[in-house]
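Subject: The structure, and what turned up in it

Hi there,

Here is the structure I promised to pass on. Please open it alongside this note, and we can go through it together.

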Amino acid sequence: MKLASPADQNAAQGQLVGVGLVQVPSEPARDRWYSLAVLVSGIFMTTLDLFIVNVALERIRQNLHASPADLQLVVVAYSAAYGVFLMNCARLGDLYGRKRLFLIGTGVFTVASAMCGVAPSAAFLIAARVLQGIGAALLMPQILATIRVLFEGEARPKAFSIMGIVQGLASPIAQIGGGMLVTYDLFGLGWRLIFLINVPVGLVMLLLGSMWIIETRAPVPARLDVKGAIILASGLLILFVPFLEGQDHGWPWWSIVLPLSSVAIFYLFARFEAALVRRGQVPIFDITMLSNRRLLAGVIGVFLFFASISSFFLSLTLLLQAGLGYTPLVAGLIFTPTALAFITAARLSPAIVRHMGGRSLLLGVGAFFTGLTLSVLVAFIVPTSAPLLVASLIFNGFGQGLTIPLALNANLSTVPEAQAGMASGMVGTMQTLGAAFGVAIVGVIFFADLSEPLALTLEAKSYHYGHALGRATYFNLFATALSALCFLYLTRTKRA
């Protein structure tokens, strides 16, 4: 199987919302690049908030007296809301204009960030994070679609390359910048500033976006699938909330029964989406496409891989700050090699693909698995060794940088071009829902190991947290191994 270059992968990613051929008013090339500047700022802001919250979790726990379940929901709420509303928000842009929806999404995200920054309780913060996720879902698909429509020929790969670089840089800046804001406690705001900083940035984006972004629409936009989104959101709500809250209440009956009952809701969701397809309508998740076994394997692989990424960062952050006593700034600096290795892998991927073809995807998963394995060994044996942790994160980041774009391209290669938009949307949805699922599972395992009284000495505490991370990472290893099997099936030369 031949994998495309990163430029082709980025161009394919632009089909996330099923963009058709759109007539765009003739505009000077300069105006298109001005539009790009504002659009990639939106990517930077939403990606930043995906990572920056990690360095503040321990301070949030202390300041808001948040329970383990609350901390997990702070992370899960953003990802789950984004995944549920992604495809419908893309269609809103097709219906009412992508510039308009980008500005509305930026406004929602900015208001939600302000609410996060002034949150008086953990419950309020979680609700605000849901609103942040909705804001991100409103603006992000408009970015991908607009770039694909505005840029053609050689300019398109260049535009998507800039987008990828900005997205890659958001992670290290989130870790370091967020660590600085929390550690130095500017204006006495502490962790709140990591959210409040979005307010002036969002206002500037609204001003410049209203002036510079060129409006585009789809010629025949698809109808919204509101009922499907409500059913999916209901299933995720009764899956995640009772399961996460159950650990704080000694696992009462409802914490088991309600999550299990979500299976029936997901079944109803699948039936409803399939019925939409039979009626000639467009669902948010085309279940019928999963009869393509290679695509089915691919989206499951994406789900499992992203379940490993975000959940590992959660447990490692807790080890660094709560277990080892590092400041948020030092913890952020330790994460930096992950992002640098990610960018390096993305730059090297064309050469790797030329030499290895479809096996490049498995190489990426293998590198990630190696990083996780090294992290487990360090956590169990010498959790205080920052250099060994950094070494494990280099493998971790390199594996992500190689796997993520290649997995998207490999999934798109399984479907006709006419279905590329829906396939991209399915992959994007599974990424975010996988991240939420992983955080829920790993968080429960991690905090269960911390239920016993903690020793007062820092050394004993570091080993206690280290063992908790090691045991929780068994899930990451298992999920990554399963994703490798899925990707192995996906990259078979012979089509199913």
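Let me begin with how a surface patch is defined here: patches are made of residues with over 30% relative accessible area and no salt bridge, with like charges joined within 9 Å and nonpolar side chains (Val, Leu, Ile, Met, Phe, Trp, Tyr) joined within 5 Å. For charges, Lys and Arg count as positive and Asp and Glu as negative, while His and the chain ends are not counted. The place of a charge is NZ of Lys, CZ of Arg, CG of Asp or CD of Glu. A salt bridge is a side-chain nitrogen of Lys or Arg within 4 Å of a carboxyl oxygen of Asp or Glu. Accessible areas come from the Shrake-Rupley method with a 1.4 Å probe, and for residues only the protein chains shown count as cover.

Some background on the model: it is a predicted one, in which local features need pLDDT of at least 70 and side-chain atom pairs count only at pLDDT 80 or more, while totals for chains, interfaces and linings use all residues. Residues are numbered from 1 along each chain as its sequence is written, and side-chain values use heavy atoms, with hydrogens and water left out.

The overall picture

The protein has 17 helices and 0 strands; both are DSSP runs numbered from the N terminus, helices being H or I with at least four residues and strands E with at least two. The radius of gyration, taken over C-alpha atoms, can be set against a globule rule of 2.2 Å times the number of residues to the power 0.38. For 496 residues, a compact globule would come out near 23 Å, and the protein agrees with that at 22 Å. Its C-alpha trace spans about 65 × 55 × 45 Å along the principal axes. Of the 496 residues, 58% are buried, where buried means under 20% relative accessible area, exposed over 50%, and partly exposed in between.

Two surface patches

Arg223, Lys227, Arg271, Arg278 and Arg279 form a positive patch on the surface. One of them, Arg279, sits in the loop between helix H11 (254-278) and helix H12 (293-323). Arg279 is exposed because its relative accessible area is 51%.

The other patch is nonpolar: Leu95, Tyr96, Leu224, Val226 and Ile230 together offer about 430 Å² of accessible area. Helix H4 (68-96) and H10 are the elements that give two or more residues to this nonpolar patch. Leu95 belongs to helix H4 and is partly exposed, at 33% relative accessibility.

Salt bridges

How many salt bridges does a search of the whole structure find? There are 2. Side chains of opposite charge can pair when their charged atoms come close.

In one, the side chains of Glu58 and Arg61 meet at 2.4 Å, N to O. Glu58 and Arg61 are separated by about one helical turn, because they are 3 residues apart in helix H3 (residues 57-64). Glu58 is buried at 8% relative accessibility, whereas Arg61 is partly exposed at 34%.

Asp94 and Arg98 form another salt bridge, with their closest N and O atoms 2.9 Å apart. Here Asp94 is buried at 4% relative accessibility, and Arg98 is buried at 1%.

Backbone points to look at

Most residues other than glycine have a negative phi. His65 is not a glycine, yet has a positive phi of about 55 degrees. His65 is in the loop between H3 and H4, and is exposed at 70% relative accessibility. Asp185 also has a positive phi, near 50 degrees. Asp185 lies in the loop between helix H7 (155-184) and helix H8 (193-196) and is partly exposed, with a relative accessible area of 38%.

Pairs along the chain

Leu490, in helix H17 (residues 458-490), is buried at 0% relative accessibility. The C-alpha atoms of Leu490 and Val299 are 9.4 Å apart, with their positions 191 residues apart along the chain. Asn198 lies in helix H9 and is buried at 2%; from C-alpha to C-alpha, Asn198 and Ala114 are 7.7 Å apart in space and 84 residues apart in sequence.

Enjoy looking around!

Best wishes

Definitions and conventions
Buried means under 20% relative accessible area, exposed over 50%, partly exposed in between (1.4 Å probe, protein chains only).
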